[in-house]
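Work through the exercises below with the model open. Try each task before reading its solution.

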Amino acid sequence: MVRRAAELGYSAIGITDRAGFYGSARAHYAAKEVGIRALVGSSLDLPDGSRLPVLCASREGYRILCRHLTDRHLVAGEAPPLAADGHLIALTGDRDGPLCRHLVREDKRAALQAAQNLITLFGRGNVYVELNRHGLRDDGRLNRLLTDLANHLRLPLLASNAPLHATRGERRLADAFACLRHHLPLDRAARLLAPNGERHLKSPREMAELFADLPQALANTSRLAERIEFTLENLGYRFPDFPDGRGNPLSLPEQATLLRRLAYTGAAQRYGVCSSAVKNQLEHELAMIHRLGFPGYFLIVNDLVQFARGEGILCQGRGSAANSVVCYVLGITAVDPVGGGLLFERFLSENRKSWPDIDIDFPSGDQREKVIQHVFKKYGGRNAAMTANVITYRGKSAFREMSKVLGFSPEVADRFSNGPSRFHGEGEGSRDEAVEKDPESEFEERVAALLPPSHPRLPALSHLYHAVLGMPRHLGQHSGGMIVCDHGLDAVVPLQPATMPGRNIVQWDKDDCEDLGIVKIDLLGLGMLAAMEHALEIRSRRGDPVDLATIPKDDPAVFELLCRADTIGTFQVESRAQMATLPIMRPATFYDLAIEVAIIRPGPIVGDLVHPYLNRRNGREAVDCIHPACEKTLERTLGVPLFQEQVLRMAMDVAGFSGAEADELRKAMAFKRDDSRMDQVTAKLRLRMGERGIAADVQQKVVDSIGSFALYGFPESHAISFALIAYASCWLKVHHPAEFYTGLINNQPMGFYSVHTLIQDAKRRGIRVRPVSCLDSQVESTVEDDRTVRLGLHRLKGLTAATAGRIVEARGKGDFSSLEDFIARVRPSAKERRILALSGGLNGLPEIEHRRQGLWQVEMPFHFDLLGSAVSGQAEALPVMAPAERLSADYATQGASTGPHPMRLWREVNPDRRILRARDLQCLPHGIPVTVAGMAICRQRPGTAKGHCFISLEDETGIANLFVKKETFHRLRMVITAEPFLLAHGRLQRSEGDQPTVYVTDVVPLPRVDRSQAVTSHDFH
């Protein structure tokens, strides 16, 4: 809409979303880009069912309407009346407006009363009678009545087309959205749809022709646009000042003094005796923080971290904040930027107008929610909120909703969603080209198997599908972005309830907020932190507490685990690509691990930085630091710029860039819309290097290095922060495996692997995993001893948390004397009884020795009276379930099993020695033909793989890695993506790290296998 308005020559456009300012922020940003103004407003639903467009004439008007919209969303019952006070402008609207609504029915008296009500509320000079000419039969009559009414009440007329879409061609999509709003297919929408396509943005010339007889209405439109000066350029947002002990806000100098005192206190704790380097960096950062007016921000973030630590909640700051020694000494981050030589300007610089961005990881779940609720309680529901997340139409949702509009059956959408799909990076060209081509080719490929090309509605479906891709679908909630304000956030942006109780969200997403200068603090949930915290809690309850802050960072056993890629379940180094690189990289120090975390990323891979680094590390290639000035910056990564800080430091070292200019480079690398910013900075870089006498070939190397890295910048501080958690997770796996696996199992879903794979990995490490039992299991999984884990009742699908809690509570009061006693005290539903019996959870109760006995007895009638049990038929003759039946029952009730792996049972029935196990591949030579079989637990086609596919096949001995060439994948696509168990033929390849991979030439479904024993695969994430 905004871009089209600029193309047509308009100087302003008003956006009036229903009950909010949802699109206003993006409209403002787009308007700035094209040189026009976006006027702010909203359409209000009135009690009589009409809709009233209202525009903000001033900053005060915006504040009034903002709070009124918040009241409408948050206040139960009818919202308080709107007090316009002359700062809001009302338009009478289209046929849904309060005047036309009555005039369509010839009720002039009601229309007159509605107009007088608007004058009373907004003031005579702030009510405009809107005229539309959309080519409808009664347009003339309605406009005459509206003109007479305006003349009678001395109200100005306003010529408007009340556009619903930017161009005439978008009318079909507007109709589709109308159908979705009313939950009707197109065939039944009838008069709910626009009668023609006239409600699009028309040029000033077209509007002049339409309203040639009413020049004053056209002139009023221009005057109104000139009259309204307010835009979102200055919202009046203020980040809160940090308060003193009595709740009074501190002044900026007072906040700076407090921050200095806390920083030096923390520095003494972190460093002991502060070196001159630490003092100089502290002074540099504190001075800049004071100049930029940010002390309060650091104090408030520090306050949140201290609250979490006081509650015993694990937390760690990450991202560019780890470049700051102030963040380090305050305890916000755990990375020493002075010792690591990290670049502070990556985090904060003089020319950076935006606020600093500190991301803090908390354990996902209740612990993070405790911190979030602390913020709401401290600042109040009207001064704090979560940022929104604008959910857009993607392939599956676009097809499902547009096919629904066109009357296709839900089964067609199900088949489209569940069928094999394309994935980014598959194309022949660059990654960007592949992504750009993807939607159209994905649609054609999927639909070809669903609908014949001659289907009469296929062209319309194709048009709507592609038109809606990327458009907003609904408003969600950001994972952890929080906004706080010192004088009423509801006067800055409307608030509304989140779907989660106890939370409010703003109507803009994080990018909109950043564009408008609204400060966001990210309180992010990290599943691994939750798992680790739980593992530490278990260890503490068992009388051997562990403090992760004190574990050695040079444990040989941890690096041995990493070098053999035994990293299933750990953090950041558990993926197939990481496990393939670890034996080549062979990390021996903590910094090696940080590099490992960073190197398997799209940036280094696409920029072709991985192989040069590994070749130099293993002595196959000489180290080249490009220029002597770059040696200090690049020596740790063997001359290969792997981190964003290195790129910025290179620009400062070799081209003399200042910190502010380095920040310009950072922004240019992050700017994805086009290459113009990067081209400008590159030209400046060449100019400055030329002035310093840098040779042309060296200039080219620097530019090439920066250009390659600019694809995806990964900060060193981020890598080190993640490496801390990765190392701690590996340390727990090595030294406390029972607690490690229990923490992971209790915090699903998370990570790369399912509970099934975690259980199999635990068993291979000598950990015994006991099944769910109503006699022994707690609600959550528990550690029975250093080598034994007991699965919890929470693993049973369909068993409610309340029932699980009653089992544990009742058992604590006394053992169950019988099944009847169990049912009487626990009161499970009939469905829950069957789940417990089928899973073996009732085994061990008196008279229940195995699952079939349990299944039989839970179906018997029970009479809980003085005469005792009426259970009959103890079913001693029922046979015990076979291992395969027990396995199927486990997967049906829990999605995993503590019993044998399905492949072990399959081999007992199919003893073909030509079909190798994963372990067998370890001792075979390169190039030998092999056949392997297993359960597909992971399928990947990353954007950096040029369309090739990687599959992880699990069997009873471990995981076999398969490589499927792009052409082979296309040929065997249906089998690879749809079959849970695969039989693959190919030849063995041994990589540089001596890791075996099967180069696949053919794949077929594994014959004679029970598909019910498969787990959900981690596919194409």
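The exercises cover a sheet, a helix pair and two cavities.

This is a predicted model, in which local features need pLDDT of at least 70 and side-chain atom pairs count only at pLDDT 80 or more, while totals for chains, interfaces and linings use all residues. Residues are numbered from 1 along each chain as its sequence is written, and side-chain values use heavy atoms, with hydrogens and water left out.

**Exercise 1. The sheet**

Task: give the strand order of the open sheet of seven strands, and find its edges.

Solution.
- Step 1. Strands are DSSP runs of E, at least two residues, and helices are runs of H or I, at least four residues, both numbered from the N terminus. Two strands pair if DSSP finds at least two bridges between them.
- Step 2. The order reads 7-8-13-10-9-12-11, and the pairing is mixed.
- Step 3. Strand 7 (316–318) and strand 11 (495–497) each have a single partner strand, so they stand at the edges with one side lacking a neighbour in the sheet.
- Step 4. Take strand 9 (residues 384–392) and strand 10 (residues 472–484): they run antiparallel, joined by eight bridges. Val-390 has Leu-475 of strand 10 as its bridge partner.

**Exercise 2. A helix pair**

Task: describe how helix 7 (residues 171–181) and helix 17 (residues 395–405) cross.

Solution.
- Step 1. Axes are lines fitted to C-alpha atoms, for helices over the stretch in contact, and angles run from 0 to 180 degrees between N-to-C directions.
- Step 2. The two axes come within 9 Å and cross at roughly 85°. Helix 7 is therefore roughly perpendicular to helix 17 (the class for 65 to 115 degrees).
- Step 3. Contact means heavy atoms within 4.5 Å. Ala-176, Cys-179 and Leu-180 of helix 7 meet Glu-401, Met-402 and Val-405 of helix 17.

**Exercise 3. The cavities**

Task: how many cavities of 30 Å³ or more does the whole structure hold, and what lines the second largest cavity?

Solution.
- Step 1. On a 1 Å grid over the protein atoms alone, a cavity is a set of points where a 1.4 Å probe fits but cannot get out; lining residues have an atom within 4 Å of a point. Points are joined across faces, edges and corners, and a volume is the space filled by probe spheres set on them.
- Step 2. The search finds two cavities. The largest has a volume of about 60 Å³, and the second largest holds about 50 Å³.
- Step 3. Residues lining the second largest cavity include Ile-300, Val-375, Met-482 and Ile-521. Strand 10 gives the most, three residues.

Methods: Parallel < 35°, antiparallel > 145°, perpendicular 65-115°, else oblique. 1 Å grid on protein atoms, 1.4 Å probe; cavity = no way out; pocket = protein on both sides within 12 Å on 5 of 7 lines; lining within 4 Å.
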